[in-house]
Amino acid sequence: MSSQKPTFTTKVASAFLILALFTVATVGGVAYVRARQALKEAAFDRLRVTATLKQNEINRWLESCEQDFLIIARFPDVSRQLQQLLATPSEPDRTVYDSLSNYLLEIRSLKPKFAEISIVDRSNRIILSTDKAREGKYEIATNLTYFETVIAGDKFTPVFYVSPETGKPAVTYASPVRDRTGKRIGLVMADLNLNRIDQIVRERSGLGDTGETYVVGSLAEKTSFISRHESVTRDLPNEPSSQGINEAMQGLSGEDLYANYAGVPVLGVYSWLNDQNLALIVEMSQDEAFSPARQLAGAIVIVGLGSAGALLLGVTGLARQLSQSRSQLENYSRQLEQKAQEANAANLAKSEFLANMSHELRTPLNAILGFTQLMGRDRDLRTYQLERVNIINRSGEHLLALINDVLSMSKIEAGRTLLNETRFDLHQLLVSLEEMLLIKADAKGLQLGFEVGAAVPQYVEADQGKLRQVLLNLLGNAIKFTEQGKVLLQISAQTVAQSAPPAPSASPAPPAPSPPSYKITFKVQDTGPGIAPEELDHLFDPFYQSAQNPNTQQGTGLGLAISQRFIQLMGGDITVQNRPPHGATFVFDILAKPTLAVALPQTVPSQRVTGLAPNQPDFRILVVEDADDSRRLLVELLSSVGFSIREAANGQAAVDLWQTWQPHLIWMDMRMPVMDGYEATRQIRAAHPPPTTHHPSPIIIALTASAFEEERTAVLASGCNDFVRKPFQEQTIFAAMAHHLGVQYTYAGELSDASAKREETGLRAEDLAKMPQPWICRLHRAAVQVDAEHIKQLIQQMPPQHAVISTQLLTLTENFEFDTIITLTEEIL
């Protein structure tokens, strides 16, 4: 007889049922264990808090009792009357007796914490008491908490004993009364009313139904209850014992699960009150504490079994659909693969689009900004013409900043942003930023401060360009949104240890640990209006602009988004501390590697280059550029200072000119028709110099309008010596040539006509020296920046008594004689 094999559905259902039962049991068990652990920690937290509160209350109450008793015993008038009373205890002065009796009764009514206050003579006979029935009786002095001397801040440890009258724990304070010779003639005693301790102990808030607090001490040389929730008298003959009581009486404090003095399993927190020689124990029944865990585990098992039964019904249908689902998954897989290919193609297209857009936008901007710089060199321009040229230049730079922001964000989204770590002088970077931004801050009447911590290293290895852009974005925003007050940049640093890489198994010794890195923190604070709370969640979103101040809505809204991405790329993060209407604080940190001192590149002074210094070679410069406007710009700029120039429109023409003319330096555009700059550079580097000349291989500096940082690597790999991005500043061109060829220049302010103009106006350095030093510094910066408007604002700040000097200075400004102003201020500074 053949047995029928179980179907696929039956197998799946059986396997699912077994797995469900195992899962429910496992989940129930794990839930119970974890819930029990969580409940135990929560219960211990409650017990610890209760124990601390009760301990503090007991301490405070006993301290107040000690202070009040000391006041009673040491009050000067009372001390004098006590001496009179105890001088003749057998026949006390009735006036003194009545006065002290009234005083003690009044204290007893005002301070119910004292059950009885009495005065005894040297034979311990009670001669005055608030309990008149005890007068004439004798007091046992062995159980007194005795105060011989009083020192401020000392702690008094009370002595607990079993009262012979009540059979309950009691505490009696006693202080000696001495005559004028210092001989003890009696005692002042006060029995404490311990009901307050009982109230503190019996308070059960937060302890549940089974929670219990009690105080244990040593009475008659055995462990006894001092106070607990139930009757104290009934438990006094017993000597309670448990783990918590025994360890607390040994001076230990802690918490644990154990059986209490009645054998009930509890969670207990116990502590030894050293100042009172008491043990405080707070306990809760384990059954009550862990009851929610058992209920949770039971509910999980019931719900799990019910759910497993319901799901089992669906397993059969699910098994029937497996084959159909498999075919659908295969179809989805093919579609996902197709989508991935389309996404890769889209990324390639986006990268190509960014490269083309970078070239097409930055190339005409290079001509706009370059020719405005050339026009600014024309000394025949009138003042209003110069102002219009400056407006064109500022607008072009603003447009360039917008384009750079959009391209930077697009590069980030396309995954084309790379970290370009170099060694640089961090302190010098901060100084240059402060000088650059101080002009904007001064124009708005703001204070600009840079505070560099002592631990901040001077030389580090990090991405200098990205750090510079982040600081410019944050500080620029702070200045833009702040109308009064100050903008402050604080920099601090701390070392971050790096773990050494694991040593190979064959290595006899572990490798040396890596040197520590720096975590450098930058904090930008301002006193502006702050940020509206509803805008905080969108602050770092691309293209988001704050609506709080419509007058400052300029730009693309990409600065903070780009800054956040750059900071994360440098291994840090950025946060905002908002304090409207008192300003906002942006805090970010980066990781930087320590490095040795680096040689700073030689820079051209900020004065405008006017020509070549004498006694230098006739430098031959070849300009290779396919765009007529850009080529003409560079040719006119270099020709104006005295270089010998030739030009080529493509790479092939450049190679031919190099072979025949042998230029010292070639400015090479990288994207050109016929032959691009990469190929032209490779051919020049590969060819041997003609045998008729001994001139070395020329310096080749790449010119590119690309926004991609990784193109620098490709350019340098092709054989170029350096890399300059369009649009460029004329100072960048001259600085690169000075660095690679050692060219020396003459500058505006060094020429004789500057001195002549100064003589024509009659303005001398000692005249300007009458103004404050900070004002002269701002005038110097404005002249270096060729900022006529700022100079005129500074002239308006001059006092009326310097009207002649202000008129002479205004004449120089309107005649565009900034070099003369620079010379004058440099003599003073």
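**Exercises on a predicted model**

In this predicted model, V215 stands opposite S227 in β8. Residues are numbered from 1 along each chain as its sequence is written, local features need pLDDT of at least 70, side-chain atom pairs count only at pLDDT 80 or more, and totals for chains, interfaces and linings use all residues. Side-chain values use heavy atoms, with hydrogens and water left out.

**Exercise 1.** Determine how β7 and β8 are joined, and place them in their sheet.

*Solution.* Begin with the pair: β7 (residues 212-219) and β8 run antiparallel and are joined by five bridges, where strands (E, at least two residues) are DSSP runs numbered from the N terminus and pairing requires at least two DSSP bridges. Next, the open sheet has five strands in the order β8-β7-β11-β10-β9, paired antiparallel. Then consider the edges: β8 (222-227) and β9 (254-259) each have a single partner strand, so one side of each is left without a neighbour in the sheet.

**Exercise 2.** Describe the cysteines C720 and C777 by their accessibility.

*Solution.* First, C720 counts as buried because its relative accessibility is 7%, buried meaning under 20% relative accessible area, exposed over 50% and partly exposed in between (1.4 Å probe, protein chains only). C777, by the same scale, is partly exposed, with a relative accessible area of 25%. Finally, the structure holds zero disulfides, a disulfide being a pair of cysteine sulfur atoms within 2.5 Å.

Definitions and conventions:
Helices (H or I, at least four residues) and strands (E, at least two) are DSSP runs, numbered from the N terminus.
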